[in-house]
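I opened the notebook with two things to look up: how a pair of helices pack, and what the cysteines are doing. Here is what I looked at.

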Amino acid sequence: MKKLYIIRHAKSSWKDEAINDFDRPLNKRGKQNAPFMGKRLKESGVMPDIIVSSPALRAKTTAKMIAKEIKYSKDILFNQDIYESSVSTLHSILTKIDDKCGILFLVGHNPALNMLAEYYVDFSQNIPTSGVVEIEFDCDKWADISAKNAKFISFDYPKKI
């Protein structure tokens with residue numbers, strides 16, 4: 001089994017419109033929601049074998065905050081290709097993950113994350129900022145993940161409670 005957690009970055013700030021999109025920081029709500037979702041993941045007993053994130057500031061900060069909450073001590077892999085990505089690019093990134101990794105957190109951006117969830121499990125809801133979609137694949141190799149062996153497990157986000 002392989003398990004994928006698709007995690008949209010926390011809410012970013014638009015306060016300074018002169019800042020390049022890649023460098024936008026989290027806003028106050030984002031700085032609260034990312035650790036909150038980390039705590040929710042920790043409470044459900046989830047520990048990833050690897051965290052792969054977009055290097056854009058808002059995604060990088062989200063990944064680091066979640067990692068801190070769940071006490072993830074390994075390096076986070078930052079992959080430039082996740083920023084402004086397509087479904088095929090994200091799928092390609094996932095299929096190259098080391099098969100020793102069973103649980104993966106993918107931290108990135110919409111619309112690509114929404115399209116990825118739709119591609120694998122016909123997930124049609126919008127993934128809000130800090131939202132987490134959990135998908136399980138009935139296979140032993142990341143190279144074999146597909147819509148045919150994917151199963152929707154859960155969807156969580158800060159305002160769900």
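Before naming the geometry I noted the cut-offs: angles under 35 degrees count as roughly parallel, over 145 as roughly antiparallel, 65 to 115 as roughly perpendicular, and the rest as oblique. I also kept in mind that this is a predicted model.

**Entry 1, helix pair.** I took helix α1 (residues 28-43) and helix α2 (residues 57-70), and found that their axes cross at roughly 40° and come within 8 Å. That angle falls in none of the named ranges, so I wrote α1 and α2 down as oblique to each other. For handedness, I noted that α1 passes α2 in a right-handed crossing.

Next I looked up who makes the contact. On the α1 side I listed Lys 31, Ala 34, Pro 35, Gly 38, Lys 39, Leu 41 and Lys 42. On the α2 side I listed Thr 62, Met 65, Ile 66, Glu 69 and Ile 70. Sorted by class, the contact of α1 with α2 has six nonpolar, two polar and four charged residues.

**Entry 2, cysteines.** How many disulfides are there? I asked for sulfur pairs within 2.5 Å, and the count came to zero. I then checked why. The closest cysteine sulfur to that of Cys 101 is in Cys 139, 13 Å away, which is too far for a bond. Looking from Cys 139, I got Cys 101 as the closest, again at 13 Å and too far.

Are these two buried or exposed? I used under 20% relative accessible area as the cut-off for buried. Cys 101 has 12% relative accessibility, so I put it down as buried. Cys 139 has 8%, so it goes down as buried too.

Methods: Residues numbered from 1 in each chain as written. Predicted model: local features only at pLDDT ≥ 70, side-chain atom pairs only at ≥ 80, totals over all residues. Heavy atoms only, no water. Buried < 20%, exposed > 50% of the residue type's maximum accessible area, 1.4 Å probe, protein only. Axes fitted to C-alpha atoms, helices over the stretch in contact; angles between N-to-C directions. Helix = DSSP H or I, 4+ residues; strand = E, 2+ residues; numbered from the N terminus. Left-handed = near helix turned anticlockwise from the far one by under 90°. Contact = heavy atoms within 4.5 Å. Nonpolar A, V, L, I, M, F, W, Y, C, P; charged D, E, K, R; others polar.
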